[in-house]
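Colleague: Got a minute to go through this model with me? I'd like to know what stands behind the labels you put on it.
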Amino acid sequence: MTTDYFEPESISEVVSLLDRFGDNGCVIAGGQSLLVMMRHGLVSPRYLVSLKNVVGLSGIQESTDGDLTIGAMTSHRDVHRSSLLQRRTPVLCQAAAKVGSTPIRNLGTIAGNICHNELGADPPAALLVLDSRAVCVSANGERNVPLAQFFTGYFETALRPGEVVKAIEIPSPPSDMAGIYLKYVVRSGDLAVVGVAVLLGLESDGKHCREVRIGLGGVAPVPLRAHKAEQILRGNAIGDEILSEVANVARSEVDPVSDAHGSAEYRRKMVAVFVKRAIRHAVDVSLGQGAIYGKTN
Amino acid sequence: MTNVVGKAVGRVDGEEKVSGSARFAADIESAGLLWGASLRSPLPHAKILHIDVNRAKSLAGVKAVLTSLDLPDVRIGRQIRDLPILARDKVRFIGEKVAAVAAQDKDTAEEALSLISVDYEELPAVFDPSAAIQDGAPVIHENPAAYDGAPHLIQKINNVVSMTTKAKGDAELGLRKADMVFEHAFRTPFVHQAYIEPHTCVCAIDTVGKVHVWASNKSPFLLRGQVAAALAVFADDVVVHLVPVGGDFGGKGSPMDVPLCYYLAKFSGRPVKMVMSYSEELMAGNPRHASIISVKTGIKKSGDLQAMKIKCLFDSGAYGAFKPIPDVNLAGARTAGGIAYRIPAIQIDSCCVYTNSVPCGHMRGPGYPQIAFAIESQMDIIARAIQIDPVEFRMRNLVEEGDEPPFGGSWEGIKAKDALRKVVEASGWGFPKVRPYVGRGVAVMQKSPGISATGANIVIDSSGRVTLRMGVPEQGSGSHTILQQIVAEELRIPLDLVTIETGATDALPDSGWGSGASSVSHSMGQAVLKAASEVRAQLLTDAAGILGVEERLISLENGGFLIRGGVKQKRIPFQKLVSRLADGRGRSYDVTTIYDLSAGKKGEFSFSGVTSFCAQVTEVEVDPETGQVAIRKITTAHDVGTILNPITHQGQIEGGLIQGIGFAVMEELCVENGRVLTLHLGDYKIPTIRDIPKLRTVLLQNPAGPVPYQGKAIGEISIVPVAAAIANAICDATGVRLFELPVTAEKLYWELKKSSSKSCI
């Protein structure tokens with residue numbers, strides 16, 4: 001089967017093409033996921049609409065209110081290297097830095113990553129703890145979808161036919177919380193067996209948890225927040241005992257698969273290990289004792 | 001003083017590989033070329049009731065659709081000819097070819113395959129080799145002994161491909177007399193060679209009926225014979241054109257799709273190309289044999305090895321066709337799978353068993369890494385049990401000068417202990433460890449080069465340019481560069497005056513096995529050396545004649561002829577004088593030589609009296625909460641001869657280490673009821689560069705070996721000890737012993753949970 005390929009130059013052209021093609025159309029950004037799917041024969045779109053030449057889809061903006069907007073075509077490398085994001089959302093930069101390999105990070109985009117919603121992707125867990133939103137556009141207009149509602153199942157999202165993600169918005173990321181993303185892999189460059197993003201704010205005593213958000217990837221049909229685990233930690237002094245409890249509860253919030261590379265039971269155990277590690281690491285960073293980009297596995 | 005041998009010269013094929021201009025089998029184009037593709041069985045064991053190809057045949061653009069009914073009832077194979085070109089009557093593994101099409105393009109071919117329907121009647125299947133040999137197990141081949149090339153055995157046991165026993169002394173008696181006896185069983189999985197280029201071939205039939213083949217195959221002359229046998233034609237009716245092979249690692253020696261491609265070409269009347277997808281490679285390539293290896297070892301109180309009895313069960317998969325050795329004695333060869341110990345009584349029973357799994361073939365050091373994992377793991381277990389340092393235990397038992405190989409013959413220049421001593425020095429063995437859960441492991445093995453009868457041809461034309469023509473394709477190891485260096489060395493000329501030409505089997509001296517068994521630098525190297533010396537002698541004789549000088553006064557030096565005597569030396573540039581000589585003769589120089597020292601029986605590898613030893617120390621750090629093993633450092637010591645090219649030599653060492661790391665901690669064709677689950681290289685995991693630790697090599701140069709200029713083999717040995725050294729290091733770090741490869745984080749995690757003690761078993 002042949003595929004027709006389009007390179008429109010404006011978002012309005014993109015959505016009108018998508019409107020025209022309906023189910024036969026598919027958006028391609030960096031191609032790092034879609035082309036693999038096509039090669040394996042898992043999808044075979046009749047029409048490919050590239051965002052490559054669309055003006056204004058790359059780059060990261062900060063509004064006067066401190067809201068951040070990341071254009072759909074911004075690559076993982078650009079996210080990782082952005083000094084603005086390194087200052088405002090280090091957890092996202094860490095996650096972007098751990099996507100695949102250098103060539104994948106150079107070509108793959110952050111919006112492509114969330115739209116693909118593959119098990120074990122890195123950015124979603126970080127975007128979830130940052131309460132991000134996807135800006136979805138179609139011929140019928142624009143809507144913002146909180147990422148917590150964006151991921152709906154394996155390789156499935158809330159994106160409707162004819163819609164494209166134009167940008168990801170991070171509304172005023174907190175400036176007083178430490179962010180850590182840890183990734184556990186069998187082999188370097190793989191999708192995460194477990195990906196854990198933690199955003200943690202300590203009380204002024206340096207011991208109690210004022211606020212915490214835990215995002216998990218690779219361990220359920222969709223990336224998710226470990227709300228129950230967060231609830232247990234919030235307001236409490238951070239110590240071994242409570243961390244074990246937090247880890248155990250986080251473990252009960254996930255629904256991992258068993259496959260050739262690991263059993264569900266092992267993956268649950270690893271959720272507990274890496275949630276604990278990420279929180280400890282975030283505490284260290286909050287107290288000015290830990291390096292964000294140290295060897296964190 | 002050598003001219004270019006021993007120098008770190010770049011690859012003769014470097015530019016074409018880097019620039020992309022090298023033409024591999026998949027790059028072959030031909031007018032009217034069709035695309036061939038196969039329909040594969042979705043069932044592991046089933047009767048074929050009916051195949052309906054009518055819809056596929058009527059699809060526009062389809063030029064041929066074949067099932068076994070269209071083909072003669074022949075079976076193909078490297079030695080054991082048990083594999084039908086297309087499944088006949090029944091299928092024996094998931095991925096077996098049942099039908100094939102040739103079409104104008106790939107999409108049409110794939111669409112045609114989707115239009116073929118096959119009715120199967122499923123049969124009971126068996127996947128575990130130890131279950132397959134039980135009475136009452138499903139019978140995979142009705143009469144395996146009747147196959148051409150089958151080992152001549154009385155097959156009283158179900159599903160046995162071959163069974164060999166090699167023994168020296170009375171191992172049973174030795175075990176009874178031993179002070180202590182240890183018995184353990186080890187398992188290794190199916191492992192794919194993971195070369196970049198999948199199996200590819202092009203077949204075309206010319207106007208006089210000759211069959212032309214371009215294939216990613218390392219043994220063009222053997223391929224010619226295999227194809228001729230499959231087609232029931234004479235070898236000379238098949239012309240195999242040599243193309244570079246995009247990675248081999250032992251896996252590119254089988255006919256694979258070539259006979260099928262021929263029939264597609266024949267039925268369509270057009271040349272046909274077939275390229276296996278990587279999924280096809282992983283489900284139906286010819287991976288390394290999975291194994292179950294039981295080792296029973298008896299020692300004296302002193303720690304001296306007394307007797308060893310090894311039982312190997314190799315999982316052949318559904319066919320024996322991809323094995324280059326008829327009796328498939330992967331572990332029973334004269335060198336005992338690389339064991340480097342003095343053992344008074346030893347017996348190895350090696351049994352290869354049919355199962356309904358992917359048919360296995362060879363991979364880098366066939367049998368050796370499996371045996372090494374078992375033996376060298378057990379040596380560590382014994383050392384710890386009798387509370388001797390693992391290095392000291394090995395020192396006590398390693399062979400030394402005067403010792404014989406395990407099953408007789410002779411060895412010269414034994415450097416086992418030297419290699420171990422060096423690796424201990426260089427690796428920091430015995431030094432304090434930086435943290436808990438850091439451990440070190442050691443392993444020692446040996447491997448000798450293979451010998452293949454092989455020929456080489458050197459032509460020097462009237463311009464003085466030298467062409468080496470020979471029939472071993474460059475499969476990625478850098479062997480062509482070594483051969484170019486040998487020619488330049490013998491004639492004392494610059495490398496760029498020597499061109500390597502491969503061509504086709506109808507115009508090349510027979511190259512025997514081609515590439516394999518660490519043999520090219522040795523066998524082809526010797527053939528090339530002999531041709532180069534002969535042509536040099538002819539040049540010097542002719543030069544003496546034309547110059548009117550005594551021959552003893554002429555030599556080849558530094559790119560020219562040096563004539564001594566008289567008041568002063570005279571030097572004539574090589575090309576200048578050679579063109580005069582050639583004109584004088586009225587023809588170019590053309591010398592063909594054959595190197596054939598193979599002493600063994602026909603079809604059996606022979607091994608040289610010189611072996612090489614390799615000792616490795618690995619340092620790992622285990623994450624006790626996850627079971628993940630970080631390999632911190634590998635130190636490898638090799639007893640080597642003269643190194644002909646330090647770059648390619650080091651490339652072989654490091655490549656083997658990296659493949660060994662994969663074998664140890666991540667590589668596995670995960671199979672469930674005969675179905676390979678890891679069907680692409682995202683799921684079938686080989687190490688990436690970020691998984692590679694610091695590699696340190698120590699070379700013990702000992703110029704004494706069968707390779708020209710006193711070199712030794714290096715192609716396979718470095719992969720052999722790695723997995724055992726890593727498993728031993730993990731045990732040192734955690735007290736946990738793993739008996740099954742790969743040592744994944746999860747396996748180690750559960751073992752760590754189980755073990756509360758920190759002492760090694």
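Colleague: What makes you count three salt bridges across the interface of chain A and chain B?

Modeller: The rule does: a side-chain nitrogen of Lys or Arg has to lie within 4 Å of a carboxyl oxygen of Asp or Glu. One of the pairs is Asp190(A) with Lys685(B), whose closest N and O atoms are 2.8 Å apart. That is within 4 Å, so the pair is called a salt bridge. Mind you, this is a predicted model: local features need pLDDT of at least 70, side-chain atom pairs count only at pLDDT 80 or more, and totals for chains, interfaces and linings use all residues. Side-chain values use heavy atoms, with hydrogens and water left out.

Colleague: Which residues of chain A lose the most area to chain B?

Modeller: About 1900 Å² is buried between the two chains, with carbon and sulfur atoms giving 49%; buried area is the accessible area (1.4 Å probe) that two parts lose on being put together, summed over both. In chain A, the most is lost by Arg187(A), His261(A) and Tyr266(A), together 32% of what that side buries.

Colleague: Why is Lys218(B) called buried or exposed?

Modeller: Buried means under 20% relative accessible area, exposed over 50%, partly exposed in between (1.4 Å probe, protein chains only). Lys218(B) has 7% relative accessibility, so it counts as buried. Leaving aside neighbours within four places in sequence, Lys218(B) is in contact (heavy atoms within 4.5 Å) with residues including Arg78(B), Asp248(B) and Trp513(B).

Colleague: And why is Phe155(A) put in its accessibility class?

Modeller: Its relative accessible area is 41%, which falls in between the two cut-offs, so Phe155(A) is partly exposed. The phi of Phe155(A) is near 60°, a positive value in a residue other than glycine. Ser172(A) is also partly exposed, at 39%, and has a positive phi of about 35° although it is not a glycine.

Colleague: How do you know on which side of helix 17 of chain B the buried residues lie?

Modeller: Helices (H or I, at least four residues) and strands (E, at least two) are DSSP runs, numbered from the N terminus. In helix 17 (residues 745–754) of chain B, Ala745(B), Glu746(B), Leu748(B), Tyr749(B) and Leu752(B) are buried. They cover an arc of only 160° around the axis, so they sit on the same side of the helix; the arc is that of the directions from the helix axis to the C-beta atoms. Their cover includes helix 12 of chain A and helix 16 (722–734) of chain B.

How values were computed: Residues numbered from 1 in each chain as written. Chains lettered and ligands numbered in written order.
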